[in-house]
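Colleague: I should like to go through this model step by step, starting with its strands. May I put my questions in turn?

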Amino acid sequence: MLLDRIDSPNDLKKLSVPELEALAQEIRQFLIENLSKTGGHLAPNLGVVELTLAMHYLYDSPKDKLIFDVGHQSYVHKILTGRKDRFHTLRKYKGLCGFVKRSESEHDVWEAGHSSTSLSAAMGMAVARDLKGETNKIVAVIGDGALTGGMALEALNHIGHERKNLTVVLNDNEMSIAPNVGALHNYLSKIRSDKHYLKAKEEAQHLLKKIPAIGGTLAKTAERLKDSLKYLVVSGVLFEELGFKYFGPVDGHSLPQLLETFRQTERVTGPVLIHVVTVKGKGYSPAEADSQAWHGGGPYKIESGQFIKAVGAPMYTDVFGSTLIELAERDDRIVAVTPAMPSGSGLIKFADRFPGRMIDVGIAEQHAATLCAALALEGMKPVFAVYSTFMQRAYDQIVHDICRQNANVLFAIDRAGFVGADGETHQGVFDIAFLRSVPNIVVMMPKDENELRHMLKTAVDYNDGPIAVRYPRLNGVGVKMDKELKTIPIGRWETIRDGEKFAVLAVGAPMIELAEAAAELLKSEGIQLRIVNARFLKPLDEEMLLELYDNGYSMLTLEEGAVRGGFGSAVLEFYAERDLYGVKVKPIGVPDRFIEHGSPKEQRQEVGLTAERIVSELKAMMPRKRQRA
């Protein structure tokens, strides 16, 4: 096999174009077979096989910088840069990362788990190159979905203004995770569908070259004619107006076309944009038929294309989606808003039931947040369905537009806590700390899927400002669902296990499960541990905190979130503000570092979120007997 001979990009350069085409098919089969066992982003990587081969064939990585936006389409890049023998460890604990990772290879020059960063990175590297007097090439690959992100447009504007020598490869597959939306997407569709665009443009340029240059007036007339012809063929040549030399559309699965186009750009000074049209999931019929489902998933059966799923209680995401439909049936103020995540956020059925009340803004979290603020100020009840890690991108809008104006926005924060195989770029462990410091917002997390339903009811009925419900990327615990939804008193915790002298204040189902396991271990030693479902992270249950203090409890706070500034910090601040210094409180959470990929269980084990740690910490709080001299 050709793939057996490829351990670095230099090996690739020894092949002929027909051999490259054969290698592309081997790589597709390699991906299909390996990801059937590990899971991962199959469809995005099947779509960029030829594109990645062409780039590594012509460019000299790592001297030339190849930058992948998001990085979930970098598997082919990893295979070609000496990591194919470790592919069985992909997304596993201590194995290959599912995204670009600088510590893995010198060929990984930029890390990103969020979209729309590659163009800013490319510009930064181009500026650094020029300041150092170097001549290396810089190529950024960005999807058409990522191009809707605000910072991508900011970077396009800057690159076009400065006219730096760099190449932008626009990987146009009409998808991000879900089908793309928006005017920019429609513009690209228009270019794709107009087969006469490139031919007409070339003919116009050829014609202009025959006009004798006999004066400035005629030259300016020629330029206006050229511009007029461009606008005649395509309504607004956006990229060229921004200062880029546009090449395309190019068939992203034709190696001869790709190689020829890349070679043409070498003769151009200034920024270049190559518009490459690809098919997400190319070469595997189930992924081509439903690239949204196959964007990223778990293990599957190759022959049938069926995902191998564990049987159990419904996922919190699904409970959120079904409950929101139930609430929207009764409350026509409810509008769901998502930044390109209708499937991942559990809103597909909502969109089918209420198409006019479902807004997918594309990859534009900042816009989504401010849109929600305006909807709320006009009397609607917007539900901003967003992953914890993606919500980080809208922090300014949350502070400035939502919380400062006390807008009645409901945040449905999915993927709260550890997310497993997606790793450090996607861990939902920072939102507690960055939300609880902002005035006006209420933050809560359920102990199980039934309580999630009641929290959503509580949040919809709450009209005194923004309110957030956070929940994990997990199946529920399997409890019975109440038919009747009810509101929960804001800021009221509940004791779910009685005990004496020692209490664990736990946030969310995984932490309550750990507390229960610790309680069973302590029970055998005659210690009765009180477990509190600290379901409101803001405001705190002041009445219960004072009762715990008055009765002399030693407390341990437990959260699957950043311990710096998190829920435990809030409890310590509560007592400090009241000069109640005699209390013992030990916060346990995620330490001050980024946690890499693995299973959530392995990630908890790594940071000490275990029943054994809880027992050890509580025993350390016990009064020690005096030793005789």
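Modeller: Please do. This is a predicted model, in which local features need pLDDT of at least 70, side-chain atom pairs count only at pLDDT 80 or more, and totals for chains, interfaces and linings use all residues. Residues are numbered from 1 along each chain as its sequence is written, and side-chain values use heavy atoms, without hydrogens and water.

Colleague: To which strand is β12 (residues 442-444) joined by three bridges?

Modeller: Strands are DSSP runs of E with at least two residues, helices are runs of H or I with at least four, and both are numbered from the N terminus. Strands pair if DSSP finds at least two bridges between them. Residues 442-444 form β12, and its three bridges lead to a strand that runs parallel to it, at residues 467-470: β13.

Colleague: Within β13, which residue is the bridge partner of Val-443?

Modeller: The two strands, β12 and β13, run parallel. In β13, Val-443 has as its bridge partner Ala-468.

Colleague: Which strands stand at the edges of the open sheet that holds these two?

Modeller: The sheet has seven strands with mixed pairing, in the order β9-β8-β10-β11-β13-β12-β17. Its neighbouring strands are turned against each other by 20° on average, direction ignored. Two strands pair on one side only, at residues 358-360 and 536-538, and these are β9 and β17.

Colleague: Which helix packs on this sheet and touches β8, β10 and β11?

Modeller: Contact here means heavy atoms within 4.5 Å, while angles run from 0 to 180 degrees between N-to-C directions of axes fitted to C-alpha atoms, for helices over the stretch in contact. The helix touches β8 (334-338), β10 (381-387) and β11 (410-414), and its direction makes about 150° with that of β8. Residues 316-330 form this helix, α14.

Colleague: Why is one side of β1 and of β4 left without a neighbour in the sheet of five strands?

Modeller: That open sheet has the order β1-β2-β3-β5-β4, with parallel pairing. Its neighbouring strands are turned by 20° on average, direction ignored. One side of β1 (65-68) and of β4 (245-251) lacks a neighbour because both stand at the edges, each with a single partner strand.

Colleague: Which residue of β5 is the bridge partner of Asn-171?

Modeller: Strand β3 (residues 167-172) pairs with β5 (residues 272-277) in the parallel sense, over six bridges. In β5, the partner of Asn-171 is Val-276.

Colleague: At what angle to β1 does helix α4 run?

Modeller: Helix α4 covers residues 49-58. Lying across β1, β2 (138-143), β3 and β5, helix α4 runs to β1 at about 160°.

Colleague: Where is the cis peptide bond with omega near -5°?

Modeller: One cis bond joins Ser-61 and Pro-62, with omega about 10°, and Pro-62 is in the loop between α4 and β1. The other bond leads to Pro-249, which lies in strand β4. With omega near -5°, this bond runs from Gly-248 to Pro-249.

Colleague: Which residue has a positive phi although it is not a glycine?

Modeller: The residue is found in the loop between α5 (75-83) and α6 (118-132). With phi about 65°, it is Lys-94.

Colleague: Over which residues is the pLDDT below 50?

Modeller: The pLDDT is the predictor's confidence in each residue, from 0 to 100. The mean for the protein chain is 89, and 89% of its residues reach 70 or more. The stretch below 50, which has 23 contacts in the model beyond near neighbours in sequence, covers residues 211-236.
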